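Work through the exercises below with the model open beside you. Each task is followed by its solution in steps.

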Amino acid sequence: MTTLTDRRHTDTQALAPAQAGDLDIAATRAEFPILSRQVNGRRLVYLDNAATSQKPRAVIRGISRYYEQENANIHRGVHLLSVEATEAHDAARRTVQRFVNAARESEIVFVRGATEAINLVAQTFGRAQVAEGDEVLITAMEHHSNIVPWQMLCEEKRARLRVVPIDDQGELLLDEFEKLIGPRTRLVAVTHVSNALGTVNPVREIIAIAHGHGVPVLVDGAQAAPHFAVDVQDLNCDFYAFSGHKVYGPTGIGVLYGKYTFLDAMPPYQGGGDMISSVTFEKTTYKKPPSKFEAGTPDIAGAIGLGAALDYVTGLGIDRVAAHEHDLLEYATERVGAIPGVRLIGTAAQRAGVLSFIHKDVHPHDLGTILDGEGIAIRAGHHCAQPVMERFCIPATTRASFALYNTRDEIDALVEGIKKAQKVFGQ
Ligand code: C6P
C-alpha cells in the first residue's frame with residue numbers, strides 16, 4: 001500500500017542542487033510553534049539543537065492524529081484500528097529506510113535513541129563476537145554513549161578498548177587509526193559528527209580501511225542525520241545509529257540500521273512479546289530482524305512522529321538544509337571567533353551543526369546564564385564528551401548548535417549576548 005508518507009518522498013526526488021538561501025526561512029519558522037514564544041521577556045533564540053531540536057507542526061499533528069484517530073496496539077489486533085496503527089508504523093519504517101537509503105526495510109530497527117542502538121549492538125553483536133584479549137576501537141571524540149557501552153563490554157569480556165587520538169583542530173589522526181587497527185580488532189565504533197567539536201569524520205574512508213582488515217564498523221550518526229544526507233549503502237557501514245529527537249522527531253524513538261546479514265546472525269537483545277515465532281517452556285524461537293530486536297509494545301506514536309519528521313526534512317530537501325546550516329556555521333565561526341577573548345574549540349576543516357568555544361573571562365555556565373536572560377538557549381558543559389574536554393585541557397565549553405530554522409540574526413543576537421557577558425565578567 002502506498003501511503004502519504006511514501007508519496008511525499010517521491011515528490012521531492014528531483015530537487016535542484018542546493019544553495020544557501022534556497023530555504024524560505026520565514027515560512028519554515030512558522031511551522032515550529034515554539035519558536036514564537038518568549039523566554040525571559042525576549043524572543044526565543046534556540047541554539048541548543050544538538051541537544052534536541054524543535055518540532056514542526058507536521059510532527060505534532062502526526063502524533064495527535066495517531067492518538068485521536070488510530071490508537072491501538074500493532075501486530076496483534078484483527079480490528080481496524082490495529083490494522084491502521086500497524087500500517088502507519090510500517091510506513092514510518094519505510095520512511096526511515098529511504099531516509100538513510102537502506103537496502104531493506106528489515107534493516108531498520110526501532111529503538112529509543114542512539115544510546116540504545118549502540119547498547120543493542122554492544123550487548124548482542126559485541127557479546128557474541130568479542131572475547132578475552134580482543135579489541136574494540138573507538139576515537140577520542142566520542143560521546144559517552146559510544147564509549148561506555150564498549151567499556152562495559154570490554155570489562156565483561158576482558159577485552160581492550162583502544163582509542164584513536166585527535167589533533168588540536170579536533171580532527172581524527174587517520175595514520176594512528178591505521179596503526180591501531182589490527183588482528184585483535186573486532187569492531188570500530190566512530191562518530192560521524194562530534195557533538196562537542198562539530199568535526200565531520202571521513203567515515204567512508206574509515207570504513208574502507210576497517211573492511212580491509214575484515215573489521216565491521218558502527219557509525220554514531222546522532223549529530224549527522226539532522227544535518228546532511230546519510231546513505232548507508234554508499235558509506236558501506238555495518239551499523240548506523242541515530243535519535244529521532246535531534247531530527248525534528250519526538251524523544252524516545254531512534255534507529256539502528258544494521259546490514260541484514262549482521263542482524264540475522266546476532267542474538268536477540270531483549271526477550272518478550274512480538275519478537276518470537278513460538279514459545280514453549282522448553283524452547284523459544286525468534287522472528288527475523290527487525291522484530292527479533294523489538295520486544296514488547298513499541299513507541300508507536302514515536303515511530304509515526306519520526307516518520308513525519310523525516311518526511312518534513314525530505315520535503316524541504318536535506319541538501320538545502322545542509323547548505324543553509326553550512327552558511328550559518330561559517331557566519332557564526334567568523335563572528336564569534338572575532339570576539340576578543342574567545343577561543344574556538346574544534347576547528348576541523350569539515351564541520352557541521354556545532355560551534356564550541358570558551359571565553360577567557362567568562363565561565364561557560366555563567367555565559368549560559370547571561371544568554372538565557374537574553375532569551376538565547378545554548379548548552380554549557382562537557383556535552384557528555386568528557387574525554388574531549390580532557391584532550392583540550394578545559395572543563396567545559398559553551399556550545400551553540402544550529403538547525404534548519406536558525407538565522408544570521410540569531411547569531412548576531414548570540415554575539416551581542418557574549419559581549420554583554422564580557423562586560424559583566426571581564427576584567
Ligand atoms: N548528544 C548533546 O547535547 P541520545 O541521548 O540517545 O538521543 O543521543 C546520544 C548521543 C550519541 N551520540 C552523539 C554524538 C550525541 O551527540 C548524542 C547526544 C546530546 O550533545 C545530548 S548529551
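**Exercise 1. Classify Asp168 by accessibility, then find its salt-bridge partner.**

Step 1. Asp168 has a relative accessible area of 53%. That makes Asp168 exposed, because the class begins over 50%, while buried means under 20% and partly exposed lies in between (1.4 Å probe, protein chains only).

Step 2. The partner is Arg391, with the closest N and O atoms 2.8 Å apart. A salt bridge here is a side-chain nitrogen of Lys or Arg within 4 Å of a carboxyl oxygen of Asp or Glu.

Step 3. Now place both ends. Arg391 is in helix 14 (residues 386-391), and Asp168 is in the loop between strand 6 (160-164) and helix 7 (174-180). The two are 223 residues apart, so the pair links distant parts of the chain. Helices (H or I, at least four residues) and strands (E, at least two) are DSSP runs, numbered from the N terminus.

Step 4. Arg391 is partly exposed, at 27% relative accessible area.

A note on the source: this is a predicted model, in which local features need pLDDT of at least 70 and side-chain atom pairs count only at pLDDT 80 or more, whereas totals for chains, interfaces and linings use all residues. Residues are numbered from 1 along each chain as its sequence is written, and side-chain values use heavy atoms, with hydrogens and water left out.

**Exercise 2. Describe the salt bridge between Asp234 and Arg204.**

Step 1. The closest N and O atoms of Asp234 and Arg204 are 3.1 Å apart.

Step 2. Asp234 sits in helix 9 (residues 232-235) and Arg204 in helix 8 (residues 203-212), so the bridge ties together parts 30 residues apart in sequence.

Step 3. Asp234 is partly exposed at 40%. Arg204 is also partly exposed, at 47%.

**Exercise 3. Asp361 and Lys360 form a salt bridge. Which of these is buried and which is exposed?**

Step 1. The N to O distance is 3.0 Å.

Step 2. Asp361 is buried, with 18% relative accessibility. Lys360 is exposed, at 64%.

Step 3. Elsewhere, shared partners join the salt bridges of Arg42, Glu374 and Lys420 into one network. The whole structure holds 21 salt bridges.

**Exercise 4. Lay out the sheet that contains strand 13 and strand 16.**

Step 1. The sheet is open, and its 4 strands run in the order 13-14-17-16 with antiparallel pairing. Two strands pair if DSSP finds at least two bridges between them.

Step 2. The edges are strand 13 (342-344) and strand 16 (379-381). Each has a single partner strand, so one side of each lacks a neighbour in the sheet.

Step 3. The twist averages 30° from one strand to the next.

Step 4. Strand 16 joins strand 17 (residues 397-401) through 3 bridges, antiparallel. Gly381 stands opposite Thr397 in strand 17.

**Exercise 5. Where does Val354 lie, and what is it in contact with?**

Step 1. Val354 lies in strand 14. Val354 is buried, at 1% relative accessible area.

Step 2. Beyond neighbours within four places in sequence, the contacts of Val354 (heavy atoms within 4.5 Å) include Ala50, Leu197, Leu329 and Ala400.

Step 3. The C-alpha atoms of Val354 and Ala332 are separated by 9.6 Å, with their positions 22 residues apart along the chain.

**Exercise 6. Place Thr314 and find a backbone oxygen beside its side chain.**

Step 1. Thr314 is in helix 11 (residues 300-316). Thr314 is buried, with a relative accessible area of 15%.

Step 2. A polar atom of the Thr314 side chain lies 2.7 Å from the backbone oxygen of Leu310.

Methods:
Polar contact = N/O pair within 3.5 Å; in protein donor to acceptor, adjacent residues only side chain to side chain. Axes fitted to C-alpha atoms, helices over the stretch in contact; angles between N-to-C directions.
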